[in-house]
Amino acid sequence: RIVEDTFMSDFSDKENAQFSTPPEVADVLVEVAAISKNETVLDPASGWGYTPRAANEYTENVFGVEIHSGVNNAALLFNDLLENTGEYITGDFLEMVINQNSKLPNDIEHIILDPSMGERASKEVTEYIDEPKRVRIHEAFVSLALDRLKEGGRLTAVVPTSVLTADRCAWLRERIVVDHTQGIIEISEPGPFSYH
């Protein structure tokens with residue numbers, strides 16, 4: 001963390017956006033994911049790479065996808081400096097799934113996700129999901145991440161409580177509960193997740 005804290009303390013984009021899950025949150029997400037040695041882990045919105053680097057403590061089969069090339073390059077730099085393994089791909093995870101991009105691994109045991117919140121997903125994404133309602137970007141990430149999971153795999157995601165309660169998210173809850181879940185853990189106290 002010393003290397004990351006030293007270099008990253010003043011490093012942000014021109015709009016002061018946060019492109020990363022904070023390290024303490026990445027550690028919690030990886031712990032909740034319960035990763036075993038040699039399992040494959042994907043972070044589809046990897047930002048500076050904190051979550052993939054945290055996952056590297058458990059497995060070498062780590063992938064990160066980040067839409068912003070400069071941010072992804074910084075993640076690669078830190079990966080090299082810290083002698084971590086993993087593959088970091090510059091791209092839009094949602095488009096990569098829709099277009100069946102071969103750079104993404106198939107049958108992933110763990111997807112750890114802390115996506116952007118709030119904005120609407122593109123028309124292309126909404127059509128792919130086959131959901132006519134207003135789909136938010138974080139909902140699209142969850143839905144498409146489920147498509148990449150190996151049977152019995154685990155999705156660990158930070159999403160607003162509305163995904164579990166809002167009427168407009170019924171389609172996603174049904175998909176999660178009917179097709180994928182062995183359990184949902186809701187953390188109602190913000191704790192480490194208050195940065196969103």
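In this predicted model, N38 is exposed, with a relative accessible area of 56%, and its place is in the loop between α2 (23-33) and β1 (41-43). The protein around N38 has 196 residues, of which buried residues make up 45%, and it contains nine helices and five strands. The points below take up the backbone at N38 and E83, the overall arrangement of the elements, the nonpolar cores with A140 and V125, and the salt bridges.

**Loop residues with positive phi**

- The phi angle of N38 is near 75°, which is a positive value in a residue other than glycine.
- A second case is E83, a residue other than glycine whose phi, near 55°, is also positive; E83 is found in the loop between α4 and β3.
- E83 counts as exposed because its relative accessibility is 73%, and exposed means over 50%.
- As background to both cases, most residues other than glycine have a negative phi.

**Overall arrangement**

- Read from the N terminus on, the elements of the protein follow the order α-α-β-α-β-α-β-α-β-α-α-β-α-α.
- Strand β2 (62-66) and strand β3 (residues 87-90) pair in the parallel sense, and this pairing runs over four bridges.
- Within this part of the structure, the bridge partner of G64 is Y88, which belongs to β3.
- Together with helix α4 (residues 69-81), the strands β2 and β3 make a right-handed β-α-β unit.
- Among the contacts in the protein with a separation of 6 or more, 64% are accounted for by residues 24 or more positions apart.
- The accessible surface of the protein comes to about 10700 Å², and carbon and sulfur atoms hold 46% of that surface.

**Nonpolar cores**

- In soluble globular proteins, nonpolar side chains tend to be buried together.
- The largest nonpolar core of this model has 30 residues, and those with the most contacts inside it are F93, L94, V125 and L144.
- Two or more residues of this core come from each of the elements β2 (62-66), α5 (93-98), β4 (108-113), α6 (123-129), α7 (137-148) and α9 (170-180), and the largest share, seven residues, is given by α7.
- V125 is in contact with L94, I98, A140 and L144 when its neighbours within four places in sequence are left aside.
- Apart from the largest core there is a second, separate core of 17 residues, which includes V25, V41, A55 and V158.

**A140 in helix α7**

- A140 has its place in helix α7, and it counts as buried because its relative accessibility is 0%, where buried means under 20%.
- Not counting residues up to four places away in sequence, A140 touches L94, A121, V125, I129 and V135.
- The C-alpha atoms of A140 and S122 are 9.4 Å apart in space, while the two residues are 18 residues apart in sequence.

**Salt bridges**

- The structure holds four salt bridges, and three of them are described here, among them the pair of K150 and E109, whose side chains meet at 3.5 Å, N to O.
- K150 lies in strand β5 (residues 149-157) and E109 in strand β4, so this pair ties together parts that are 41 residues apart in sequence.
- K150 is partly exposed, with a relative accessible area of 37%, whereas E109 is buried, with a relative accessible area of 18%.
- E139 forms a salt bridge with R168 in which the closest N and O atoms are 2.8 Å apart; this pair links distant parts of the chain, with E139 in helix α7 and R168 in the loop between α8 (162-165) and α9, 29 residues apart.
- E139 is buried, with a relative accessible area of 0%, while R168 counts as partly exposed at 22% relative accessibility.
- The side chains of E127 and K123 meet in a salt bridge of 3.9 Å, N to O, and both residues lie in helix α6, four residues apart, which is about one turn of the helix.
- In this helical pair, E127 counts as exposed at 53% relative accessibility, and K123 likewise counts as exposed at 65%.
- As general background, side chains of opposite charge can pair when their charged atoms come close.

Key. Residues numbered from 1 in each chain as written. Predicted model: local features only at pLDDT ≥ 70, side-chain atom pairs only at ≥ 80, totals over all residues. Heavy atoms only, no water. Core = buried A, V, L, I, M, F, W, Y, C linked by side-chain atoms within 4.5 Å. Buried < 20%, exposed > 50% of the residue type's maximum accessible area, 1.4 Å probe, protein only. Contact = heavy atoms within 4.5 Å. Pairing = 2+ DSSP bridges. Right-handed = clockwise from strand over helix to strand, strands pointing away. Areas by Shrake-Rupley, 256 points an atom, 1.4 Å probe, with all protein chains shown as cover.
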